[in-house]
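Visitor: I'd like a close look at one part of this protein. Could you pick a helix and walk me through its surroundings?

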Amino acid sequence: MYCPQFCNVQTGSWRKYHGILVQDIFAKAKKRNQLNAGKTTRNAKEANFDKQKGLRKINIKCIPERMIYDVTDTGRKYGYGVRGSTTNVELVFHTDNAFAVRVPDYVGLLCRYPAKSGGLSRFCSLYTVHERMEARYPAELRRLYQPMHFDRQAEHAEGAAKTSFAPFFSWSGSKLRCRANSSLVRKGYQVHGSEMDAGLVDALRAVDDVTSSADLWIEAPLERGQVQYLNNHELGHYRSEFEDGDDPATKRHLYRLWHRSEGGVNYDG
Ligand SMILES: [Fe+2]
């Protein structure tokens, strides 16, 4: 055995060298149960568990989604089954996962790298959006309390409905609940293969008009290392189109987390 750092090869004995005994290293590794680790196990305990007779293998199949999600431009074209968060396109004011069975309560973002240009974040109060709709578009607001189709962006179990059917606005006690995403509703009707009623066409146009007022939002850049947390029911957010630099290692990359206080720990909650 040749181990210039830890033993004296001339005598071949386990000697103290640089103050460390090789026996100690093995003893510590043994203590940590690492010596018998197999190819697919991290330590002897796991390896021994796998050696048990009569064990059965169960394959778990789930919707391809990660708990920590990479928000970055993959170069794919925005369209059915390709979420805007994996492209560099402009994303209109929205709540995250508006098409969900159970909409996440909070959205967290950690910025690894911002874009070379663009990718600005804007935030608005959905209470204010609701107030302005009430003042300027009361008939259109009423339609937003009726259900509509949202494109589920192919993020559902095989054979499940491609759209969810839910209202844009609802209340939970005195708390506003919102599935804000006019773009996903328009896509939802395309995917569903049906026409939007005239009232819905007008209502979505009214939402786009209200959310295009510059006095509605605040703009806040997300710099490298910064974290942003949003109440996903009460705040809408927007992202401008962006451009990455030449170095792929430093392209815009955010880590995203969704949090729910109720429901199961799975994609649909
Ligand atoms: Fe978002």
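Guide: Here is a tour of one helix, the sheet beside it and the core it feeds into. Keep in mind that this is a predicted model.

Let's start with helix α3, residues 126–136. α3 lies across two strands, β5 (121–125) and β12, and runs at about 60 degrees to β5. Which residues of α3 are buried? Leu126, Val129 and Met133 are. Looking down the axis of α3, you'd find its buried residues within an arc of 50 degrees, so they line one face of the helix. Flip to the other side of α3 and you meet Glu134 and Ala135, which are exposed.

So much for the helix itself; now for what it sits against. The buried residues of α3 pack against β5 and β12, and also against α4 (138–144), β9 (175–178) and α6 (198–210).

Next, the sheet. β5 and β12 belong to an open sheet of four strands, ordered β2-β12-β5-β10, with antiparallel pairing. The edges are held by β2 (91–94) and β10 (217–219); each has a single partner strand, so one side of each is left without a neighbour in the sheet. On average, and ignoring direction, neighbouring strands here are turned by 20 degrees against each other. If you want to check the β2 edge by eye, β2 and β12 (residues 235–239) are joined antiparallel by two bridges. His94 is a handy landmark, with His237 in β12 as its bridge partner.

Now back to the helical side, and to the nonpolar core. As a rule, nonpolar side chains in soluble globular proteins tend to be buried together. The largest nonpolar core in this model has 27 residues. Inside this core, the residues with the most contacts are Ala98, Phe168, Ala180 and Ala203. α3 is one of the elements that each supply at least two residues, along with α4, β6 (147–151), α5 (182–192) and α6. The largest share comes from α6, with six residues.

Ala98 is worth a zoom. Leaving out residues up to four places away in sequence, Ala98 touches Val103, Phe150, Arg179, Ala180, Asn181 and Leu184. One of those, Ala180, is itself among the core residues with the most contacts.

To pull the view together: α3 has one face lined by its buried residues, these pack against strands β5, β9 and β12 and helices α4 and α6, and α3 supplies at least two residues to the largest nonpolar core.

Key: Residues are numbered from 1 along each chain as its sequence is written. This is a predicted model: local features need pLDDT of at least 70, side-chain atom pairs count only at pLDDT 80 or more; totals for chains, interfaces and linings use all residues. Two strands pair if DSSP finds at least two bridges between them. Axes are lines fitted to C-alpha atoms, for helices over the stretch in contact, and angles run from 0 to 180 degrees between N-to-C directions. Two residues are in contact if their C-beta atoms, placed from the backbone, lie within 7 Å. A residue is buried if 20 or more other C-beta atoms lie within 10 Å of its own, exposed if 12 or fewer, and partly exposed in between; C-beta atoms are placed from the backbone. The arc is that of the directions from the helix axis to the C-beta atoms. A nonpolar core is a set of buried Ala, Val, Leu, Ile, Met, Phe, Trp, Tyr and Cys residues joined through C-beta atoms within 7 Å.
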